[in-house]
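Visitor: Please take one part of the inside of this protein and go through it closely. I would like to know what lines it, and then what lies around the parts you mention.

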Amino acid sequence: MKRLLLFLLIFSTHIAAAQPNVLFIAIDDLNDWVGCLGGHPQTRTPNLDRFSKSGVLFTNAHCAAPQCNPSRTAVFTGLPPHRSGVYHNGQKMRDVLPDAEILPKFFSRHGYWSAGSGKLLHYFIDAASWDEYFPAKEKENPFPPTFDPPNRPISLPVGGPWQYRETDWAALDVSDEDCGGDWSVTQWIGEQLQRRHDKPFFLACGIYRPHEPWFVPKEYFKPFPLESIQPGPGYKEDDLEDLPPSGKKMGPNRYFEHIQKQGQWKKAIQAYLASIHYADAMLGRVLDALDKSPERDNTIVVLWSDHGWHLGEKQHWQKYTGWRLCTRVPLIIREPGRKSGAVCDQPVSLTDLFHTLTDLCGLPAPENISAHSLVPLLQNADAPWPHAAVTQLSVPEEYAVSTRSWRYIHYRNGDEELYDIAHDPHEWDNLAANPGHAARIAELRALAPQNPVPVPEVPVASLPDLKWHPASEPAPPSKPEGGTFDVVFINQRPKPVELMWLSPDGTTKSYGSIKPREQKRQSTRPGAVWMVRDSSQSPIGHFQVGDRSSKAVIPAR
């Protein structure tokens, strides 16, 4: 019996050693401002740069969608947005894909120990898919305690209800450890790398910076004196002149205008660079822990970012666009025993990571996931690659196509943009109107997502809640700004109520009644104020609309 147990122990240890581990590192909102991609001359990313020399650096990698939720869903399911139906951040992955098996569950089902820490999916953990998580997976909150400075906002005043409250920045007088957040995540990941495992592992690390807010210890601001700060090399003041109407609408947004008006542009660039420098230091902690790990020589390492980020290029701030600065992402893959330091400029998609990992680990790929594996390019960076990288925007009819030398953007109304990336990497010269490129455009248009699924409506229960202000709080006049979206008003009272719009001049307009315990879907805009009256026409409270579709629950009393 003892001999049998010893045999089983030796056999299981041999299997674990033969099966490669996976260290899967995501860095949030990181564009190409890293040293090895040359995105900004002032950036400081020594750890990412040294890691790029030990693996294959993909210089033409693109996200599946230029926003967190659909991009991360594509990575973890192997399904691009036009097949999954997850197109935007307002959706919840499990509303749309209740039964999808994501990467950690797949690996766990094939004998791996699957664990993670930090933001990997879009603000939830998906507890059933992981063997272990930090913080505890049952809480469905991927963030450990993080230092949050008091008296916010610190640098950027709130410009209106359209503004994301985390759009702010500051140099913090705290240590890395006291900052918490990414330090705690990388500490936990390092501890898992230091211990021995009786199974191969899939270990995922989500580094949150440089996602907003750009609050990092002041030490990381020091390499970037404010007087030295330069705009990104892709910035050009008159860069909208040759864009079609849809592009001109997509480009300028209130954030960039507001940041410039407040004299915060250089400070914001400084803070983004500091946040990248901080994220790079957190990455260095993980890489150092792996170097000291007993599993060092048997671990595949994948580093990726979910999408890029604008800091004034195309007069745009944040993400959500089809331009290269927003779709192009860092991607580095290191395979044990493979020749290091290769650079691949073939167009690849983050959606293909699932299939790539199944191939590298010798596991059967699920039949329904993306069919492209990057293994041929890991073996030979110049291998034939007949594929393009497609980035899906928020609706099925809008997308961007990236090839080795060209980029094409298509809008729902038929507007188009075409760029010769080999000669115009910042996309300053839109060639779509040039008749000489008609054949090229037709070729790229043919690569559009085929048979896209429609965008599912977000269930009312999954919409964020608007704050209810009782009648004791005076209702301010509306200050509507921006585009329209729906708010669902839900009457929990036992009697009908009347919904009133409060205009900018303080007058009211009735939009009908809502029966007891029923709901009304109403189109509105950021900054609108909606008053609720009872049957005696007495105000009982109001809602102030924020920056996104929401539900407004009228309490029973």
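Guide: By class, the lining of the second largest cavity has 3 nonpolar, 2 polar and 4 charged residues. This is a predicted model. The charged residues in that lining are Arg 334, Glu 335, Arg 338 and Lys 339. Ser 54 and Gly 55 are the polar ones, and Val 56, Ile 333 and Leu 378 are the nonpolar ones. The volume of this second largest cavity is about 30 Å³. The count of cavities of 30 Å³ or more comes to 2.

The other one, the largest cavity, has a volume of about 40 Å³. Its lining consists of Ile 27, Leu 30, Val 34, Thr 45, Leu 48, Ile 276, Ala 279 and Asp 280. Sorted by class, these are 6 nonpolar, 1 polar and 1 charged residues. Thr 45 is the polar one, and Asp 280 is the charged one. Helix H11 gives the largest share of this lining, 3 residues.

That brings us to H11 itself. Of its 27 residues, 22 are buried, so the helix is mostly covered. Its length can be checked with simple arithmetic: at 1.5 Å a residue, H11 should span 39 Å, and its end C-alpha atoms are 39 Å apart, which agrees.

H11 also helps to cover another helix, H10, which runs from residue 254 to 261. The buried residues of H10 are Tyr 255, Phe 256, His 258 and Ile 259. Seen down the helix axis, they fall within an arc of 165 degrees, so they line one face of H10. The general rule behind such a pattern is that an α-helix has 3.6 residues a turn, so residues three or four places apart point the same way. On the face of H10 turned away from the buried side are the exposed residues Glu 257 and Lys 261. Besides H11 (265-291), the cover over the buried residues includes strands E6 (169-172), E10 (310-311) and E11 (317-318). After H10 comes Gly 263, with a positive phi near 65 degrees.

For an open space to set beside the cavities, take the second largest pocket, which holds about 470 Å³. It is lined by 22 residues, and Pro 80, His 82, His 372, Ala 388 and Val 390 lie nearest its centre. Helix H4 (81-84) and strand E15 (389-392) each supply at least two residues of the lining. By class, the pocket lining divides into 12 nonpolar, 8 polar and 2 charged residues.

Notes
Residues numbered from 1 in each chain as written. Predicted model: local features only at pLDDT ≥ 70, side-chain atom pairs only at ≥ 80, totals over all residues. Heavy atoms only, no water. Buried < 20%, exposed > 50% of the residue type's maximum accessible area, 1.4 Å probe, protein only. Helix = DSSP H or I, 4+ residues; strand = E, 2+ residues; numbered from the N terminus. Arc of directions from axis to C-beta. Contact = heavy atoms within 4.5 Å. 1 Å grid on protein atoms, 1.4 Å probe; cavity = no way out; pocket = protein on both sides within 12 Å on 5 of 7 lines; lining within 4 Å. Points joined across faces, edges and corners; volume = space filled by probe spheres on them. Expected span 1.5 Å × (residues − 1).
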